[in-house]
Amino acid sequence: MTQKVAVLGTGKIGEALLSGMIRAGWTPSDLLVTARRPERAEELRTRYGVTPVTNAEAAKTADTLILTVKPQDMGTLLDELSPHVPADRLVISGAAGIPTAYFEERLAPGTPVVRVMTNTPALVDEAMSVISAGTHATADHLAHTEEIFGAVGKTLRVPESQQDACTALSGSGPAYFFYLVEAMTDAGILLGLPRDKAHDLIVQSAIGAATMLRDSGEHPVKLRENVTSPAGTTINAIRELENHGVRAALIAALEAARDRSRALASGNNG
């Protein structure tokens, strides 16, 4: 792999991407990083053998620029980059809510832009990364993006019009599961279990259930019905979940996340 790739604003997700790319075969000398703090850049150099550069140097040197800064910092970064990014650079944005048109308006005409929403399981190579092409991005650009993000999990191409929904579902998705595990752990304690045992029971159940969903090909309703015997413990628990509107609350929560993603796209950072 001879293309140079730069990760700009290398936080936890950016570092996970670097680590995964190196394991997948990228040469560290072909990977550039930028970081706000010099000590952070030096830490990345020591840990991975990558080359710290300035944002301007990355724009001039790298073939692919991966922008991993927060959405509210993207405008400032683009102001810094735009004088230095040639139109043949591939720009990949990982910022929630910001459409490819935002980048295309601020970069050289014809610059290919790909929008990616990944999630924190990239830290353990189990990410779900959703990829959308901008106006000038080709099939080769999408394939290259998939190669990069495939190093830390699965990838899925969707039209950009579906990105806000994907952000709500999988971008924020891990937090919903952590929230559910937290609540179930508290319930286990209420039922008389020590916290560590409740935690282990729930986490392994979650891993097992997710593996069954992934590998069995069965609809989740079918898998749930397999656990739900007549007049048993599970159906009584599910009745209470329905009585408390858990399904409706989840739908409302995802709609709220989707709406916030749209608000970020319109520049509402409040």
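**Exercise 1.** In this predicted model, is Asp215 buried or exposed, and which side chain does Asp215 meet in a salt bridge?

*Solution.* Start with the accessibility. Asp215 has a relative accessible area of 52%. The cut-off for exposed is over 50%, so Asp215 goes down as exposed. Next, look for the partner: the side chain of Asp215 pairs with that of Arg214, at 2.8 Å from N to O. Finally, check the partner in the same way. Arg214 comes out at 53%, and is exposed too.

**Exercise 2.** Take the salt bridge between Arg258 and Asp259 and work out how each residue should be classed for accessibility.

*Solution.* First the geometry: N and O are 2.7 Å apart in this pair. Now the classes. Partly exposed covers what lies between under 20% (buried) and over 50% (exposed). Arg258 sits at 23%, so call it partly exposed. Asp259, at 38%, is partly exposed as well. While you're on salt bridges, there's also a network to pick out: shared partners link Glu15, Arg40, Glu43 and Arg47.

**Exercise 3.** Find the salt-bridge partner of Arg157, and say which parts of the chain the pair ties together.

*Solution.* Searching the whole structure gives 19 salt bridges. One of them joins Arg157 to Glu146, and their closest N and O atoms are 2.7 Å apart. Then place both ends: Arg157 belongs to strand β8 (residues 153–157), while Glu146 belongs to helix α6 (residues 139–149), so the bridge ties together parts eleven residues apart in sequence. As for accessibility, Arg157 is partly exposed at 42%, and Glu146 is also partly exposed, at 23%.

**Exercise 4.** Describe how helix α1 and helix α2 pack: what are the distance and angle between their axes, and which residues meet?

*Solution.* Two numbers do the job here, since a packed pair of helices is described by the angle and the distance between the axes. For α1 (residues 12–23) and α2 (residues 38–48), the axes come within 12 Å and cross at roughly 20°. Angles under 35 degrees count as roughly parallel, and that is therefore the label for α1 and α2. The handedness of the crossing is right-handed.

Now list the contacts. From α1 come Lys12, Glu15, Ser19 and Ile22; from α2 come Arg40, Leu44, Arg47 and Tyr48. Sorted by type, the contact residues give three nonpolar, one polar and four charged. Glu15, Arg40 and Arg47 should look familiar: they are among the residues of the salt-bridge network in Exercise 2.

Note on methods. Residues are numbered from 1 along each chain as its sequence is written. This is a predicted model: local features need pLDDT of at least 70, side-chain atom pairs count only at pLDDT 80 or more; totals for chains, interfaces and linings use all residues. Side-chain values use heavy atoms; hydrogens and water are left out. A salt bridge is a side-chain nitrogen of Lys or Arg within 4 Å of a carboxyl oxygen of Asp or Glu. Helices (H or I, at least four residues) and strands (E, at least two) are DSSP runs, numbered from the N terminus. Buried means under 20% relative accessible area, exposed over 50%, partly exposed in between (1.4 Å probe, protein chains only). Axes are lines fitted to C-alpha atoms, for helices over the stretch in contact, and angles run from 0 to 180 degrees between N-to-C directions. Angles under 35 degrees count as roughly parallel, over 145 as roughly antiparallel, 65 to 115 as roughly perpendicular and the rest as oblique. A crossing is left-handed if the near helix is turned anticlockwise from the far one by less than a right angle, and right-handed if clockwise. Contact means heavy atoms within 4.5 Å. Ala, Val, Leu, Ile, Met, Phe, Trp, Tyr, Cys and Pro count as nonpolar, Asp, Glu, Lys and Arg as charged, and the others, Gly among them, as polar.
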